[in-house]
Each structure stands twice: as structure tokens, then as C-alpha cells.
Amino acid sequence: MYTDAGVCLATLGPGATNLVTGIADANMDSAPVVAIAGQAATTRMHKESHQHLDLVGLFAPISKYSTQILAPEIIPEIVRKAFKQSQAEKPGASFIDFPENIAQAEIEGKEPLKVQAAMTPEPPEAKIKQAAEIISRAKYPIIMAGNGVIRSRATDELLAFAEKLNIPVATTFMAKGAIAHSHPLSLGTVGLQAHDYVDCGFDRADVIICVGYDMVEYHPYLWHPEKHAQIIHVDQSPAEVDEYYILAAGVIGDIGESLDRIAEIARPQDKANLASLREFVIQEHAEHAEDPAFPIVPQRILWDVRQVLEPEDIVISDVGAHKMWTARLYQAERPNTCIISNGFASMGIGLPGAIAAKIAHPERTARTIVSNLMPPIPAPKRFKTLEDLKRENMTLEQRVEELETENARLKDENARLQKRLAKSERLSGNGSAPRKRSKKTSRKSKGGRPARKPSGKRTESHPS
Ligand SMILES: Cc1ncc(C[n+]2csc(CCOP(=O)(O)OP(=O)(O)O)c2C)c(N)n1
């Protein structure tokens, strides 16, 4: 199963270089595109020459296939190959450099080559069994759905799999709508920020089933830092090598079929786990539904946008803080109804994206979300930690004792700080607060280098 590639044309030199960001974006977002650019004639490529540039070299690192047409007879093969490469999993960009003298050449007896759509291979039985056994033994399995599920049109199978086995589903930004937000097994979108509440589901999970997951969106280091869970990789292509993504089982083949066959033999969970996480998600979404604040808060905007759009209407997010808000709070009900560039994440996708959406689906409404100075997403609400849960089970006496100890510690700390303040006031001689920072509070270390930030593995997943 593949999606037809889009095609773009550019003139030589600066026309071609203007394609660079768009092509890099398509390539990293796994969007199939064939770009064709003019080029200087082959008779002037060997010397300094107006608008001549090594375009094949320029596009090689940002495409799956970058080539030059050196003779008119090979055009059918090159064109077919460019489409085949860009549309094959994982899809991406192909680039064709088309010299002007080749473009002028006459040619006879050549036709476009027939499309030979390769069948996606069946997943091997042994791998299906292995995955099913791991899932059957799991206590807290969770599914992470990536854009590969949507690309391979396996969202129905994903839903059937989750429902049959009673396993909750979180999606990446680019898989929004792979399961309807309103579905009781939907945990919303992951990849937003350092240790968001849905991440707590990943902390707790003993088996993480990654379906059509692209690492470029959300690095495993961020959701699997302790390497505590067994990972099952279900995809059309083999898993990327990554220290934090070592597989317990890899099921490679048609995604829908893999899910169907695993679901047939795996033991379902008795009840859906992580139901409390879903409550968090729902509460957060509705929290500002009626918020009258002005300027309007992002949460209210996204809530209202959802209210005025039909489930199949399309929202395209541009890139910035608003992308994070859209990913977190827009309630997508269908696949491909919330488009977010989360691979290369180039600003500027919003407007052309909406035009493209309208061309593809003239009967639907398409809306772009672009912002200027939208506030960043605040630190995620704290989800209950193991410590919190332990505390909840304490007797009142134990809790009072804990608070008294904490109180005493704070008093000591306060006294110590007061002493230091008094001392530095004495030293400065005028009773005003010291201008120079004490050694301990200085942000610079001895060598004059900035003090290191406290280490903590989980930082922002993306700058934008
Ligand atoms: C083409 C491009 N240039 C720069 C960036 C880096 N970048 C990501 S977000 C951002 C700022 C976006 O600001 P704005 O459009 O005001 O949106 P807001 O953050 O206010 O939602 C920049 C410069 C990028 N992703 N793409």
C-alpha cells in the first residue's frame, strides 16, 4: 500500500536550491515527493558556468534517491525509479536533475514504464507467535501508534487489536487520529514535553507495542530511559538501531495483517489499564472550554476549533509553540485530519498545507493554525509518582511525622540562609545586600565556565 507521490518542478540554480527545505521536510516526514529541477547543459558542466551547481550532491543527503538524467533514453527508467523509491516504505523524496540539452533532445519509441507495485511481505508466523506470547504475559501493555499505521491504512486493524486485547493506545503527533480521541482506549498524544502524564503510562508499562512508529518523531531515550520494558516493533520496515530501542520481538510485514494475527492468538487483558490516565487527558482538554480570558488562552482556541469543525475536517499546524498545543489538545477523530510536521518540522507548512488539503479534499473544511508569540506549554501537570501513591497509603500519624520532619528541615535551612545573609551584609559594610555572588551561588565555576545544569535525562523532546 502506498500513497502517490506529489511532484514539484523548479528551474536550475536558485530555483532548485529553493526546494531544499521543502524536500528535506518531505523526506524526514516520510511524505512521498518527486522533485525535478532544470540543470545546465551537460556540455557546460565541466567549467565555471552560469547557475550551474552540483544539484545531485546537494539533494543526496536530503532524499532517498538523487540522480541526473544523462541520456534521453533512460528517462522512463529514472522516472519510474524515482516514484518507486519515494513511495516505498518509508516514503520520502526523490530528486531528478534534468540538464537543458537532454530536455531538448528528440526521442522516439519510449513510453512510461508500467507500475509494478510490490506486495508488502507477510509477517513471519514465528514472529507473530513470539509477539503474542510476550503480550499474553504482559501486565501493563501499552500501544504507541506512529504515522506508519496511517500510511499503511491500518487504523481499523489497530482499533480492532486494541479493543480485542484491551490495550490503551497513545499516538505520536503524526499519528493523531489513528485512534479517535473519543475512544475509551485513547490516551492522547505523546512526545510533547519532558515527562508528560501519558509518559507515566510508559514508565509503568512492562510491554510497549510500537506500531508504525518513526523514531524521528519521539526518541526512545525520552520514553524508555530506564530500558525497563519489553518492546515489540510492528512495522513494514525493520527497527532503527538504538540503545533504548532493543526489541523483544520485531514483526516486519503488512501492519494490518500483523495486528490481526497477533490479536487472534494473544491473551486479552482482563481490564483496560491506565484508565486513570485517560481521565487526566479528558480533564485537561475540557479545563478551559469556557475560559473567558482575553487574550484567549491556547486551550480555549483549540477547544473551540474542535467544536466548529466536523470530524473529517482538516487542521494543519504550522511550527512553533502552537504546534505543541495543537498536538496536545486538538482532538482528532479520524486519521489524517490533524497534520503536523514532526520530522524536520519546518515553519511554513501551514498555509500551503491547507491549500493542498483543500485540493485533495475540496468537500472538507481545512484550517491552518499559525501563531505569533503563543505561550509555551507550561510544565506538565504532575502525575502521581510512586512516592505520592505510597504517601496516600500512610496512616495519618505517619504523614504528620513526615510533615514535621520536613518542617524541621526547612527551619534549619532558613536559619542557615539567614546567617549567611547577615554575614555577607557585615562584609559589604553598608547593610545592603551583597553585589558579588558568593562562591556557592555563582553560576560560574572556578575555571570561568558556566556551571553545568543539573543533569536530568528527560528534557524537551523537541525545541519546536
Ligand atoms: C523554516 C524554519 N525556520 C526556523 C525554525 C526554528 N523555529 C521553530 S519554532 C520557531 C518560532 C516560531 O514562532 P511563531 O511562528 O511566532 O510561533 P509560536 O511559537 O508563537 O507559536 C522557530 C524560529 C523552523 N522550525 N523552521
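**Exercise 1. Find which residues of helix α15 (residues 350–360) are buried, and explain where they sit around the axis.**

*Solution.* Start with the model itself. This is a predicted model: local features need pLDDT of at least 70, side-chain atom pairs count only at pLDDT 80 or more, and totals for chains, interfaces and linings use all residues. Residues are numbered from 1 along each chain as its sequence is written.

Step 1. Fix the terms. Helices (H or I, at least four residues) and strands (E, at least two) are DSSP runs, numbered from the N terminus. A residue is buried if 20 or more other C-beta atoms lie within 10 Å of its own, exposed if 12 or fewer, and partly exposed in between; C-beta atoms are placed from the backbone.

Step 2. List the buried residues of α15: Gly 350, Gly 353, Ala 354 and Ala 357.

Step 3. Check the arc, taken from the directions from the helix axis to the C-beta atoms. The buried residues of α15 cover only 95 degrees around the axis, so they lie on the same side of the helix. An α-helix has 3.6 residues a turn, so residues three or four places apart point the same way.

Step 4. Turn to the face away from the buried side. Leu 351, Pro 352 and Ile 359 are the exposed residues there.

Step 5. Find the cover. Contact means that the C-beta atoms of two residues, placed from the backbone, lie within 7 Å. The cover over the buried residues of α15 includes β11 (314–317), β12 (338–339) and β13 (366–369).

**Exercise 2. Describe how helix α6 (residues 125–137) packs on helix α11 (residues 255–265).**

*Solution.* Two packed helices are described by the angle between their axes and the distance between the axes.

Step 1. Take the geometry. Axes are lines fitted to C-alpha atoms, for helices over the stretch in contact, and angles run from 0 to 180 degrees between N-to-C directions. For α6 and α11 the angle is about 50 degrees, and the axes are 9 Å apart.

Step 2. Classify the angle. α6 is therefore oblique to α11. The classes are roughly parallel under 35 degrees, roughly antiparallel over 145, roughly perpendicular from 65 to 115, and oblique for the rest.

Step 3. Give the hand. α6 and α11 cross in a right-handed way. A crossing is right-handed if the near helix is turned clockwise from the far one by less than a right angle, and left-handed if anticlockwise.

Step 4. Name the contact. α6 supplies Ile 128, Ala 131, Ala 132 and Ile 135, while α11 supplies Ser 258, Arg 261, Ile 262 and Ile 265.

Step 5. Sort these residues. The contact of α6 with α11 has 6 nonpolar, 1 polar and 1 charged. Here Ala, Val, Leu, Ile, Met, Phe, Trp, Tyr, Cys and Pro count as nonpolar, Asp, Glu, Lys and Arg as charged, and the others, Gly among them, as polar.

**Exercise 3. Do the same for helix α13 (residues 298–308) and helix α14 (residues 321–329).**

*Solution.* Step 1. The axes of α13 and α14 come within 10 Å and cross at roughly 55 degrees. α13 and α14 are therefore oblique to each other.

Step 2. The crossing of α13 with α14 is right-handed.

Step 3. Pro 298, Gln 299 and Leu 302 of α13 meet His 322, Trp 325, Thr 326 and Leu 329 of α14. The residues of this contact split into 4 nonpolar, 3 polar and no charged.

Step 4. Look at burial. In α13 the buried residues are Pro 298, Gln 299, Ile 301, Leu 302, Trp 303 and Arg 306. The buried residues of α13 pack against α14.

**Exercise 4. Locate backbone exceptions: cis peptide bonds and positive phi values outside glycine.**

*Solution.* Most residues other than glycine have a negative phi, and most peptide bonds are trans.

Step 1. Glu 89 and Lys 90 are joined by a cis peptide bond, with omega about -20 degrees. Lys 90 sits in the loop between α4 and β4 (93–99).

Step 2. Phe 294 to Pro 295 is also a cis peptide bond, with omega near -5 degrees. Pro 295 is in the loop between α12 (275–286) and α13.

Step 3. Gln 51 has a positive phi, near 60 degrees. Its place is the loop between β2 (33–39) and α3 (55–59). Gln 51 is partly exposed because it has 14 C-beta neighbours inside 10 Å.

Step 4. Asn 336 has a positive phi of about 60 degrees. The loop between α14 and β12 holds Asn 336. With 22 other C-beta atoms within 10 Å, Asn 336 is buried.
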